[in-house]
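Reader: I'd like to go through this one with you and ask how each label was earned. Can you show me the sequence and the structure?

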Amino acid sequence: MLSIARRLYNNAGGSRISASAVRIATAGVAIGVLVMVMSLSIALGFQNEVRRKVADIAGYIEVVNAKSMYQSTSLSIQITDSLVRELRAVPGVVRVQRYAVQTGMFKTTDAFRGTVVRGIGTEYDLTFIRSCMAEGHIPQFGAGDTPSDSIIISGRTAAALKLKTGDRVYAYFFTNQLRARRYIVAGIFNTYMSDFDDNLVFADVRNVQGIAHWDKDIYSGAEVILPGFQDLNEIAMQVGRVVLSLTDSNGQYYANPTVREIYPQIFSWLTLLDTNVIAILILMICVACVTMVSGLLIIILERTQFIGIMKAMGATNSQLRHLFLYLSAMIVVRGIVIGNAIAFALLYLQKYTGIAKLDPANYYLNTVPVSFPWTQIAIVNISTLIICVLVLVIPSYLVSRIHPAKSIRFE
């Protein structure tokens, strides 16, 4: 029956009705697979890019003062070189970078704006910040004998304060007493994430420590950088074993929240995208199944004479059902191949050209991101084939109702 199904498939264009049915069924499957693969790729790409952005800014795991977990302000904690070496020795840890934070207000002649000044030093990885730079340059924070008075600010802050690179701006900090600093704007960056662009400013870590008169090993915390999110929880547990039993010289306890715990609203929003993808997958599989059922019914009715002749020659209903199921599987496979070919062509075009744009104010990204989760794509393709063939089992029983004597005379 498989060889006969191949001949029917190859000769499907011999009849106008049969050819149209096959083309419609193939197109239905191809469109369904195209939409499913692209939805999966874009959704996972978007999730991965946003997660990576948040982790690049805030770190995958933070080592902070335990009291900071219950307050809106960042408290200081001692992070010595020996503690940094212990954290770096944890398997899976790529980098440990300390930072200091002070909340203040930037003021110009015409405007003022609340800011969070994040002090960073030579151990800080500037790769992500460099990729976000809109203009200017990144100063050598932490280098030299004296703290740098240069800063880099977000595009939103620059627009609100009407600042450009090279301008000077006064900052006021409220510690035990009001302290003022004058900074030079060295560069402007855009992460396209409002949670950070609204008030984040990067400065020399020694400058920020000096505002609060902290010793050189007193910081707001340390970011623990990982290669990705795969082993985040396991590595966080190992980092916890290092720091949770310690206290610093001032008797302060440590905590090690993950980026998911620090920004739950962002990660919860990303999780909701999975629901949208599942809905799209179900809808597109239904579209593929409906078009295949319609196509199979048309093909069976158009082949009524052929079915009658086959029955007269001794073919059983079961054999004929298998024949048409083989034929349907070939049509589904062809649709899957076409759908995947078009989907991958469009996805690779987007990956290398970024032709499809997004509004960064709403989506945190300026181009549509794509990912290639090969395992999930394979599952989608195999599931589409299996589900479509299973759904066609019931319509294939139509051959049982065709009587040989009547069908041979059927036109």
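Reader: Why is there no bond between the sulfur of Cys-289 and the closest cysteine sulfur?

Author: A quick note before that: this is a predicted model, where local features need pLDDT of at least 70, side-chain atom pairs count only at pLDDT 80 or more, and totals for chains, interfaces and linings use all residues. Residues are numbered from 1 along each chain as its sequence is written, and side-chain values use heavy atoms, with hydrogens and water left out. Now, a disulfide is a pair of cysteine sulfur atoms within 2.5 Å. The closest cysteine sulfur to that of Cys-289 sits in Cys-388, 3.9 Å away, so that's too far for a bond. By this rule, the disulfide count is zero.

Reader: What makes Cys-289 buried?

Author: Buried means under 20% relative accessible area, exposed means over 50%, and partly exposed is in between (1.4 Å probe, protein chains only). Cys-289 has 9%, so it's buried. Cys-132 also counts as buried, because its value is 9%.

Reader: And why is Ile-338 called partly exposed?

Author: Its relative accessible area is 32%, so Ile-338 goes in the partly exposed class. You'll find Ile-338 in helix α12 (residues 317-353); helices here are DSSP runs of H or I with at least four residues, strands are runs of E with at least two, and both are numbered from the N terminus.

Reader: How do you know that β3 and strand β4 pair?

Author: Two strands pair if DSSP finds at least two bridges between them. β3 and β4 (residues 112-120) have nine, in the antiparallel sense. One of the partnerships is Ala-100 with Gly-119 in β4.
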